[in-house]
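These are my notebook entries on a structure that I am opening for the first time. I record each item I looked up, in the order in which I looked.

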Amino acid sequence: MTYVVTENCIKCKYQDCVEVCPVDCFYEGENMLVIHPDECIDCGVCEPECPAEAIVADDKLEDDSWVEFNTKYAESWPNITEKGEPPADAKDWDGKEGKMAHFSPEPGEGD
Ligand code: SF4
Ligand code: F3S
């Protein structure tokens, strides 16, 4: 089992999650983060910290697509362990439909 970051993180990117992870397994893209499923120890600490409720346990998901997505980008994006500044308009994006259309595959800055 693992926790993964899902669609509502896109353009919200609050980063509260990275501060609490005991194994530093978050990776940063330009406008969202992902979790490395092979590094996550399933502690569940990050899930309630996300204001956008974007972090989900894999056994609550319909299929493996978000696990595959998190694995793919965790392998190419830089590690992030410290909270940076969330986007100024993060609140406006929270809960918006169709956020995948705004997903950026570009890496973020990392730590
Ligand atoms: Fe890190 Fe625990 Fe969240 Fe996994 S569940 S990403 S180990 S805080
Ligand atoms: Fe994204 Fe939530 Fe972390 S919005 S950056 S998963 S706190």
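Entry 1. In which loop does Asp42 lie? I located Asp42 in the loop between β3 and β4. I note here that the model is a predicted one. I then looked up the backbone of Asp42 and found phi near 60 degrees, a positive value in a residue other than glycine. Most residues other than glycine have a negative phi. The relative accessibility of Asp42 is 29%, so I entered this residue as partly exposed, since that class lies between 20% and 50%.

Entry 2. I looked up Lys13 next, and its phi is near 40 degrees, again positive in a residue that is not glycine. Lys13 belongs to the loop between β1 and α1. Is Lys13 buried or exposed? Its relative accessibility is 9%, and therefore I entered Lys13 as buried. Lys13 also appears in the surroundings of ligand 2.

Entry 3. I turned to ligand 2 itself. Its neighbours include Val5, Cys9, Tyr14, Asp16, Cys17, Cys50 and Ile55. By class I recorded nine nonpolar residues, one polar and two charged in this shell. Ligand 2 sits in the largest cavity.

Entry 4. For ligand 1, I wrote down the surrounding residues, among them Tyr3, Cys21, Cys25, Phe26, Cys40, Cys43, Gly44 and Cys46. How many charged residues does the shell around ligand 1 have? I found none, beside eleven nonpolar residues and one polar residue. The space that ligand 1 takes is the second largest cavity.

Entry 5. I looked up Asn8, which is in the loop between β1 (3–5) and α1 (16–20). With a relative accessibility of 15%, Asn8 counts as buried. Which side chain joins that of Asn8 in a polar contact of 2.8 Å? I identified the side chain of Asp94. A polar side-chain atom of Asn8 also lies 2.9 Å from the backbone nitrogen of Gly95. Beyond four places in sequence, Asn8 touches Ala52, Ala54, Trp93, Asp94, Gly95, Lys96 and Lys99. Of these names, I had met Ala52 among the residues that surround ligand 2.

Entry 6. My last residue was Pro37, in the loop between β3 (33–35) and β4 (55–57). I entered Pro37 as buried because its relative accessibility is 12%. Its contacts, neighbours within four places in sequence set aside, are Thr2, Val4, Val67, Asn70 and Thr71. I also noted Phe69, 32 residues from Pro37 along the chain, with 10.0 Å between the two C-alpha atoms.

Note on methods: Residues numbered from 1 in each chain as written. Chains lettered and ligands numbered in written order. Predicted model: local features only at pLDDT ≥ 70, side-chain atom pairs only at ≥ 80, totals over all residues. Heavy atoms only, no water. Near = heavy atom within 4 Å. 1 Å grid on protein atoms, 1.4 Å probe; cavity = no way out; pocket = protein on both sides within 12 Å on 5 of 7 lines; lining within 4 Å. Sits in = over half its atoms within 2 Å of the grid points. Nonpolar A, V, L, I, M, F, W, Y, C, P; charged D, E, K, R; others polar. Helix = DSSP H or I, 4+ residues; strand = E, 2+ residues; numbered from the N terminus. Buried < 20%, exposed > 50% of the residue type's maximum accessible area, 1.4 Å probe, protein only. Polar contact = N/O pair within 3.5 Å; in protein donor to acceptor, adjacent residues only side chain to side chain. Contact = heavy atoms within 4.5 Å.
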